[in-house]
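Thank you for making time for this talk. Please have the picture and the sequence open while I speak, and stop me whenever a term is unclear.

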Amino acid sequence: MAPIERLRHCLRPTLVRRVLLVQLMAVALTWLLLLAYLSSEFFDSHSLDRDLAAMGGAVAASVAAAGSEAEARVALDASAAMLHNAYRINEIPGVRLLQLADGQGRRLHTAPAGVGVALPGDSARLTTLLIDGHQYRVFQRGAGPWLVTLAQPLIAKSWAVRMVAGDLAFDMVIAFPLFLLPIWIGVARGMRPLRALSERIAARGADDLRPLGIDSRYAELKPLASAIDSLLAQLGHKVQRERAFVQDAAHELRTPMAVISAQAHALARADDPRQRADAERRLDRAIGRASHLVQQLLELAQIDREQAPASAPLDLAQVVRQELAQLAPAAMARGIELSLEAPDSLAQALELHAFQSVLQNLLTNALRYVHSGGEVVVELARRDGELTLSVADNGPGIAPAERELVFERFYRGAGHDAAGTGLGLAIATQAAARLGGRLTLGPGLGGAGCTFTARFPA
């Protein structure tokens, strides 16, 4: 594997890496929140003054217990050494200053040694003092016959933030692996059933659409396994339908092609003009039937496309009138009364081709089976929040046992001799479903014939 490909392989997105990244982000967020909290506590003036007052009170108490000035100085030096040692251990910059004065405020001793600056203060409250360009917070209290003053430097915020951040980072580095490792192990082990499921699917053949049949004990995998089984069932049903469709189409095309072949031979060998004319008529009829079947197969394939074009605003009443005008001559030739019940205008956004497929196939189906002198009524309306298109006739009708079958592809009812391919109602049903509607069958005009009604959401 090339270095670039190996790098891509290592950097590919994985659920385990995502979980670990989320945990790392949680640790970083926790670190930031703790840093903000501890920093705010570090710079809280009330807290700092309270600590300074407690510390100064302890120093004053130790000095007040001294019996002489020499003992008071020793106590002050001991307190200064202790405070300085605490700063040194915590690596805090600066130094705390202590001063011993008599009852009249005259300075007697200062610690650490070498500090020659007097530390003025106020026994009633804490004050702020500027010494050599640095600010100090000053505490002062009486200790028996003496006066004790404690000056503590105000630490720079930048140093304090760096110190708190460093301490927190060290603690986080130690704690992070302790809870990250169990999470990583748990997530990695939790992915095993998913990997086993993917390997089981990958090991299948291309034509194996049987359900997986996995009864997972993990609640998270049950919906996934169920969804995959459902998808496989849908694919299997679709493959079966496509195979049956191809077989039925081949069977339906075989008859007109056989007729075309036979009549072509008859036409080539016919010497009698009447025989030639009869062969030509039968040949034309077979070619027309084959052409009509191919056209319907193409229309069905077009409607079965996954992606539908965008709907456009249409005047459906005008569309219906145009379709009726094209079929009116054929209806008049057979003495069939073709009428329309619709408003002058009915606007709605629909896919034109799919709507025309529903209307054309329902009309063609009605005109094919209605006897001469019959009646076909088309109704277009909007009622109860739905757009309805119905085609009713007073033809021979459909037997109750066949009413569910007439919507299947290539099914043709018994008891009539009208030519057809058995695809018209299947195309209308599919086109109605494409528009989000449904197609139903009911009794026709005067209790005879059929009424096919397509309902679409308005």
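I will go from the overall make-up to the cores, then to some single residues, and finally to a pair of helices.

This is a predicted model, in which local features need a pLDDT of at least 70 and side-chain atom pairs count only at pLDDT 80 or more, while totals for chains, interfaces and linings use all residues. Residues are numbered from 1 along each chain as its sequence is written, and side-chain values use heavy atoms, with hydrogens and water left out.

Let me begin with the whole protein. The protein has 11 helices and 12 strands, where helices (H or I, at least four residues) and strands (E, at least two) are DSSP runs numbered from the N terminus. Buried residues make up 35% of its 458 residues; here buried means under 20% relative accessible area, exposed means over 50%, and partly exposed lies in between, with a 1.4 Å probe and protein chains only. If we take the contacts between residues at least 6 apart in sequence, 63% of them join residues at least 24 apart, and contact means heavy atoms within 4.5 Å.

Now to the cores. In soluble globular proteins, nonpolar side chains tend to be buried together. A nonpolar core, as I use the term, is a set of buried Ala, Val, Leu, Ile, Met, Phe, Trp, Tyr and Cys residues joined through side-chain atoms within 4.5 Å. Which members of the largest core touch the most other members? Of its 37 residues, they are F355 and L380. At least two residues of this core come from each of α9 (316-333), α10 (352-369), β9 (375-383), β10 (386-393), α11 (424-434), β11 (438-443) and β12 (450-457), and the largest share, 8 residues, is supplied by α10. Apart from this core lies another, of 19 residues, which includes A66, L76, L98 and V148.

If we leave aside neighbours within four places in sequence, the contacts of L380 include L316, V320, L346, F355 and T388. That last partner, T388, sits in strand β10 and is buried, with a relative accessible area of 7%. The side chain of T388 makes a polar contact, at 3.3 Å, with the side chain of R383; a polar contact is a pair of N or O atoms within 3.5 Å, and within protein one must be able to donate a hydrogen and the other to accept it, while residues adjacent in sequence count only if both atoms are side-chain atoms.

From the second core, let us look at L98, which is found in strand β1 (residues 97-102). Is L98 buried or exposed? At 0% relative accessibility, L98 counts as buried, and its contacts, again without neighbours within four places in sequence, include V59, L76, L83, H109 and L150.

Next come some features of the loops. A cis peptide bond, with omega about 0°, joins A111 and P112, and P112 is found in the loop between β2 (107-111) and β3 (127-131). Two residues have a positive phi although they are not glycines: D132, with a phi of about 50°, and D384, with a phi of about 55°. D132 is placed in the loop between β3 and β4 (134-143) and counts as exposed at 70% relative accessibility, whereas D384 is placed in the loop between β9 and β10 and counts as exposed at 78%.

I finish with helix α5 (residues 157-190) and helix α6 (residues 192-202). Two packed helices are described by the angle between their axes and the distance between the axes. The axes of α5 and α6 come within 4 Å and cross at roughly 25°, where axes are lines fitted to C-alpha atoms, for helices over the stretch in contact, and angles run from 0 to 180 degrees between N-to-C directions. The two helices are therefore roughly parallel to each other, the word used for angles under 35 degrees. In this contact, A188, R189 and G190 of α5 meet R192, P193 and R195 of α6. Further back in α5 there is F176, which is buried, with a relative accessible area of 17%, and touches Q23, L24 and V27, not counting residues up to four places away in sequence.

Key. Angles under 35 degrees count as roughly parallel, over 145 as roughly antiparallel, 65 to 115 as roughly perpendicular and the rest as oblique.
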